[in-house]
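Hi everyone, thanks for making time for this. Today I'd like to walk you through a structure that is new to most of you, and I'll take it slowly.

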Amino acid sequence: MSDLPHCPVCSSQYTYADRDHYVCPECAHEWPQQEAEETAEDLVTDANGNALVDGDTVTVIKDLKVKGSSAVVKVGTRVKNIRLVQGDHDIDCKIDGIGAMKLKSQFVKKA
């Protein structure tokens, strides 16, 4: 298996290295290898592999128990205006009826 990144434009897995650039054979997009290595560290993706950015709306894909409370965040709960942070739980948000929460990106999908 190759360690090459997927194309940032079309998400193709068939990228290849050409000198100091990566090239996508499907959409012909080219980007520098150094830039790809720097952004790969900061990239936060949802359960389906879609890139998340600040201000996105996401949907919870699994019932999540709230620590220290009997409340549960139900499947299908929409969370608006997320904020990405560094750490184990990489999403800060406010959920109606529960309040401020930290979520893991692996339990949400982009809406």
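I'll begin with the overall chain, move on to a pocket, and finish with a few single residues.

One thing to keep in mind throughout: what you see is a predicted model. So what is the chain built from? There is 1 helix, and there are 11 strands. If you start at the N terminus and follow the chain along, the order of elements reads β-β-β-α-β-β-β-β-β-β-β-β. In other words, the helix comes after three strands, and strands follow it through to the end of that order.

Now for the overall dimensions. The C-alpha trace spans about 55 × 25 × 25 Å along its principal axes. The radius of gyration tells a related story: the chain has 17 Å, whereas a compact globule of 111 residues would be near 13 Å.

How much of the chain is buried? Of the 111 residues, 28% are buried. The exposed surface of the chain comes to about 7800 Å², and carbon and sulfur atoms supply 46% of that. As for contacts, take those with a separation of 6 or more: 34% of them are between residues 24 or more positions apart.

Let's turn to the pocket I'd like you to look at, the second largest pocket. Its volume is about 280 Å³. Which residues line the second largest pocket? Here is the list, so you can click along: Lys62, Leu64, Lys65, Val66, Lys67, His89, Met101, Lys102, Leu103, Lys104 and Phe107. Sorted by class, that lining has 5 nonpolar, 1 polar and 5 charged residues. The charged ones in the list are lysines, namely Lys62, Lys65, Lys67, Lys102 and Lys104.

Two strands are worth finding on your screens here. Both β5, at 64-65, and β10, at 99-103, supply at least two residues each to the lining of this pocket. Which element gives the most to the lining? That is β10, with 3 residues.

Phenylalanine 107 is one of the lining residues, so let's stay with it for a moment. You'll find phenylalanine 107 in the loop between β10 and β11, the latter being 108-110. Is phenylalanine 107 buried or exposed? It falls in between: its relative accessibility is 21%, so it counts as partly exposed. Leaving aside residues up to four places away in sequence, phenylalanine 107 touches Thr59, Val60, Ile61, Lys62 and Leu64. Lys62 and Leu64 also appear in the lining of the pocket. For a sense of distance, phenylalanine 107 and cysteine 10 are 97 residues apart in sequence, and their C-alpha atoms are 24 Å apart in space.

Next, two valines. Valine 23 sits in strand β2, residues 21-23. Its relative accessibility is 7%, so valine 23 counts as buried. What does valine 23 touch, beyond residues up to four places away in sequence? The answer is Tyr14, Thr15, Tyr16, Asp18, His29, Glu30 and Trp31. Serine 105, on the other hand, is 82 residues along the chain from valine 23, with 28 Å between the C-alpha atoms.

Valine 85 lies in a loop, the one between β8 (83-84) and β9 (91-95). With the same neighbours in sequence set aside, valine 85 touches Asp90, Ile91 and Asp92. Valine 85 and valine 44 are 41 residues apart in sequence, and C-alpha to C-alpha they are 9.3 Å apart.

Last stop: three loop residues. Alanine 28 is in the loop between β2 and β3, which is 30-32. Its phi is near 65 degrees, a positive value in a residue other than glycine. Alanine 28 has a relative accessible area of 59%, so it is exposed.

Asparagine 81 also has a positive phi, near 55 degrees, and again this is a residue other than glycine. Look for asparagine 81 in the loop between β7, at 78-79, and β8. With a relative accessible area of 57%, asparagine 81 is exposed.

Finally, aspartate 96 is in the loop between β9 and β10. Aspartate 96 is exposed because its relative accessible area is 77%, where over 50% is the cut-off. From aspartate 96 to valine 79 is 17 residues in sequence and 8.3 Å in space, C-alpha to C-alpha.

That's my tour, and thanks for listening.

Note on methods: Residues are numbered from 1 along each chain as its sequence is written. This is a predicted model: local features need pLDDT of at least 70, side-chain atom pairs count only at pLDDT 80 or more; totals for chains, interfaces and linings use all residues. Side-chain values use heavy atoms; hydrogens and water are left out. On a 1 Å grid over the protein atoms alone, a cavity is a set of points where a 1.4 Å probe fits but cannot get out, and a pocket is an open set with protein on both sides within 12 Å along at least five of seven lines; lining residues have an atom within 4 Å of a point. Grid points are joined across faces, edges and corners, and a volume is the space filled by probe spheres set on the points. Helices (H or I, at least four residues) and strands (E, at least two) are DSSP runs, numbered from the N terminus. Ala, Val, Leu, Ile, Met, Phe, Trp, Tyr, Cys and Pro count as nonpolar, Asp, Glu, Lys and Arg as charged, and the others, Gly among them, as polar. The radius of gyration is taken over C-alpha atoms; the globule rule is 2.2 Å times the number of residues to the power 0.38. Buried means under 20% relative accessible area, exposed over 50%, partly exposed in between (1.4 Å probe, protein chains only). Contact means heavy atoms within 4.5 Å. Accessible areas come from the Shrake-Rupley method with a 1.4 Å probe; for residues, only the protein chains shown count as cover.
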